[in-house]
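Biologist: I am new to this structure and should be grateful for a close look at a single part of it. Please take one helix and what follows it, and then relate that part to some other places in the model.

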Amino acid sequence: MSNSVVNYQLQDQLGIIRIDNPPVNALSHAVRAGLMDALEQANADTSQALLILCQGRTFIAGADITEFGKPPQAPHLPDVISAIENFPKPVIAALHGNALGGGLEVALAAHYRCAVSATKLGLPEVKLGLLPGAGGTQRLPRVVGVEAALDMMTGGAPISAQRALELGLVDIVVKDDLENSAIEYCQQLIADAAPPRPSGALQAVAPDSPGFYDAYRKRIARKSRGQIAPGFIIELVELATRTDIDEGQAQERERFLECRNSPQASAMQYVFFAERAAGKLPDIPADTPVLPVNSIAIIGAGTMGGGIAMCFANAGIPVTLVETQQEFLDRGMGIIESNYATSVKRGRFTQAQADGFLANFSGTTDYADIAEADMVIEAVFENMDVKKEVFAKLDAVCKADCVLATNTSYLDVDEIAAATSRPQQVIGAHFFSPANVMKLLEVVRAKKTAPAVVQTFMKTAKKIGKIAVAVGVCNGFVGNRMLKGYARQAQLLLLEGASPEQVDGAMEAWGMAMGPIAVGDLAGLDIGYRSRRDQGIESCSVKEFTLPDTLVEKERLGQKTGAGYYRYDAQTRQRQPDPEVASLIEDIAARWQVERREIEAEEIVERLVLALINEGAAILQEGIAARPSDIDIVYLNGYGFPIWRGGPMFYADTLGMDTVVEKLKQLQQTTGDAYWEPDSLLLELAEKGQTLNSLNSSPNKDTK
Ligand code: 3H9
């Protein structure tokens, strides 16, 4: 018997369940029901063991996330999993691709596990605001031990089949021909009369050290700040060491439902789909041809150029670095080599891997050498004239279908494209620093960029491990444009009476990875200072720039000089409030006649976040971002916005459009600042009783 997604067959003495539910064999209702039917059938027939394997590119990658918002339908996953564990004949799970979440929980309920070597195994529920809800918190510590189980469940990152073998999570790593290898393994188990071996019957060993769990909580505190699931996971793993599987699972179920019904889970599941949506451009059909990118040239071997080059080299794409002088090339290569050496020291790569990546590099000072490159990314100084000069040179040497990208965080990509005779080949690429670490990439579509070029760049970005978001041309694109209003509010709050530590403290307590003032110190105050002078803004001539201008002129550039808005401990880099800055702020406030007062954390958060929301709405109106979720992906991956709040646009919906508009109007009234005028999109949505999220599913505007 079988249904459309689960097939059962008796083959000699072996019952085989095949799951075929593309794309990732998620545990939809049909799969769960099919598994129950198959178990029933296998129980009744002459099979001596039962093998579970999956068709397609992966083993089960988890519960079906699309079912989470809907009324649950029996059979529920924990019941299916108990039925597998309690099955009277040995059950073997054969893993390939990804065995994740509910998929790994199915595998844990099976009595034996085999996997091909490229399999990834993990319990990533925490990334969706959840905890493993089908026995994972109880079985994993019984199989791999408390600490390894905690690492897998609180971090959510998958482990390799080799690591799973070391931990006892798989029994054997088999040859790539999974089906035949798994059948062979099953036959061996039958021949050995191997009994069912339920993981739930094992004893999870409590850690020796009495302070273990507190120490563990501290260890993950920074990464999991504000999230509810990691704390529950620790609680449940502790429980697994002192109770039986039934009691443990009952408590796990309660905690799982608590998480599942939380706003955090809604936010994080929204982000999961938002990330995938970002890769699909509403106006570019999925079958748009993609140009081959088998070689790349990077113009400029400075910090950005080097970081970008490493992304490509790590993905196995040969890179040619181009510099004006051999000396600069050598210096750039030296930094790249030392970055790899640090990664090897930290265990991120093996020496052999790093050597392999380095072998993908070559360098030249002659543009003629890159005539055959499939893609060129310019990463020279952020200056329009310099960039135009580079593009004119590229236009002269590069082959006709070469993709020409400019790495810029502010400049007008249309103007750069116009420096060539082929603007359709030109695209913007706003990488974030350090480029080899940061996942976000704003892909800037200029007016004339050809769809195939956009598609090629988006696909290439995925290949090099980036989360790419297509944006349109405007000053600062999505991320930095929104940052402007946010940073401005932070400065105004300082003058009105909040201290740097109050502003940062409020935003960090709210969930931002780092407050806006500390971010300034980290990035270096000289960057903004120089850019303001480039734009012809005189030092200390604008209220909200007076403090940073003054600090730079006092040679307080931020962390790199040991002092900026804060003072920094030379050893620990810990920030400390500085009375000198406090009195400087008071002086500046007096100079600008700003009345100072007590400011509550709530006001700080409200003003900063509303500034993001209002600008985000304007960006949508102008078609600079195609959908609200794209803006959220930018803020989550490039600006330290807390994932469990879903991003600024999602957060606006949780406040409600009416509230957002009302608060903006209030601010406009009390401050007289035109900046607070609610964007017309927000007004329109509030009037119609609609959400920003409703724009994610409606036919989207294209990024222009
Ligand atoms: C869970 O298991 C809870 C249990 O503990 C307890 C329950 C009681 N459901 O990412 P891709 C779709 S929670 C539904 O582009 P890749 C995805 O939206 C779950 N759909 O491919 C996309 O659709 P579209 C724990 C899913 O090769 C398509 O599949 N598991 C699911 O780059 C391709 O996805 C996880 O959190 C799903 N579970 O990466 C794993 N997964 O084409 C989540 C994917 O329409 N999944 N889709 O845009 C992943 O991490 C990646 O998808 C994976 C493949 C690594 C598997």
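Modeller: The account below begins with one helix, passes to the residue after it, and then turns to the ligand and to a few single residues.

The model is a predicted one. The helix chosen is α7, which comprises 14 residues, 178-191. At 1.5 Å a residue, α7 should span 20 Å, and its end C-alpha atoms are indeed 20 Å apart, so the expected and the computed values agree.

Several residues of α7 are buried, namely Leu178, Ser181, Ala182, Ile183, Tyr185, Cys186, Leu189 and Ile190. The spacing of such positions may be read with a general rule in mind. An α-helix has 3.6 residues a turn, so residues three or four places apart point the same way. The partners of the buried residues of α7 are strands: they pack against β1 (6-11), β2 (14-19) and β3 (49-54), and also against β4 (91-95), β6 (112-116) and β9 (172-174).

After α7 comes alanine 193, with a positive phi near 55 degrees. This alanine belongs to the loop between α7 and α8 (212-220). Its relative accessible area is 62%; as this is over the 50% cut-off, alanine 193 counts as exposed. A general remark gives the context for its backbone angle. Most residues other than glycine have a negative phi, and most peptide bonds are trans.

Phenylalanine 477 likewise is not a glycine and has a positive phi, of about 50 degrees. Phenylalanine 477 is placed in the loop between β17 (467-472) and α18 (479-496). In contrast to the exposed alanine 193, phenylalanine 477 is buried, with a relative accessible area of 0%.

Two cis peptide bonds may be added here. One joins proline 22 and proline 23, with omega about 5 degrees, and proline 23 is in the loop between β2 and α1 (29-44). Strand β2 is also among those against which the buried residues of α7 pack. Another cis bond joins alanine 74 and proline 75, with omega about 0 degrees. Proline 75 lies in the loop between β3 and α2 (77-85), and β3 is again one of the packing partners of α7.

The ligand has 27 residues around it, of which Arg57, Glu105, Glu125, Arg276 and Lys280 come nearest. By kind, this shell divides into 15 nonpolar, five polar and seven charged residues. A nitrogen atom of the ligand is 2.8 Å from a polar backbone atom of alanine 63, and a nitrogen atom of the ligand is 2.9 Å from a polar backbone atom of isoleucine 65. At lysine 280, an N or O atom of the side chain is 2.4 Å from an oxygen atom of the ligand. On its own the ligand has 1,000 Å² of accessible area, and the protein covers 76% of this. Two or more residues of the shell come from each of β5 (98-100), α3 (102-109) and α11 (263-278); the largest share, three residues, is that of α11.

Finally, threonine 550 offers a view within another helix, α22 (residues 546-553). Threonine 550 is buried, with a relative accessible area of 12%, and its side chain reaches the backbone oxygen of threonine 546 at 2.5 Å. Leaving aside residues up to four places away in sequence, threonine 550 touches Cys540, Leu584 and Ile588.

Note on methods. Residues numbered from 1 in each chain as written. Predicted model: local features only at pLDDT ≥ 70, side-chain atom pairs only at ≥ 80, totals over all residues. Heavy atoms only, no water. Helix = DSSP H or I, 4+ residues; strand = E, 2+ residues; numbered from the N terminus. Expected span 1.5 Å × (residues − 1). Buried < 20%, exposed > 50% of the residue type's maximum accessible area, 1.4 Å probe, protein only. Contact = heavy atoms within 4.5 Å. Near = heavy atom within 4 Å. Polar contact = N/O pair within 3.5 Å; in protein donor to acceptor, adjacent residues only side chain to side chain. Areas by Shrake-Rupley, 256 points an atom, 1.4 Å probe, with all protein chains shown as cover. Nonpolar A, V, L, I, M, F, W, Y, C, P; charged D, E, K, R; others polar.
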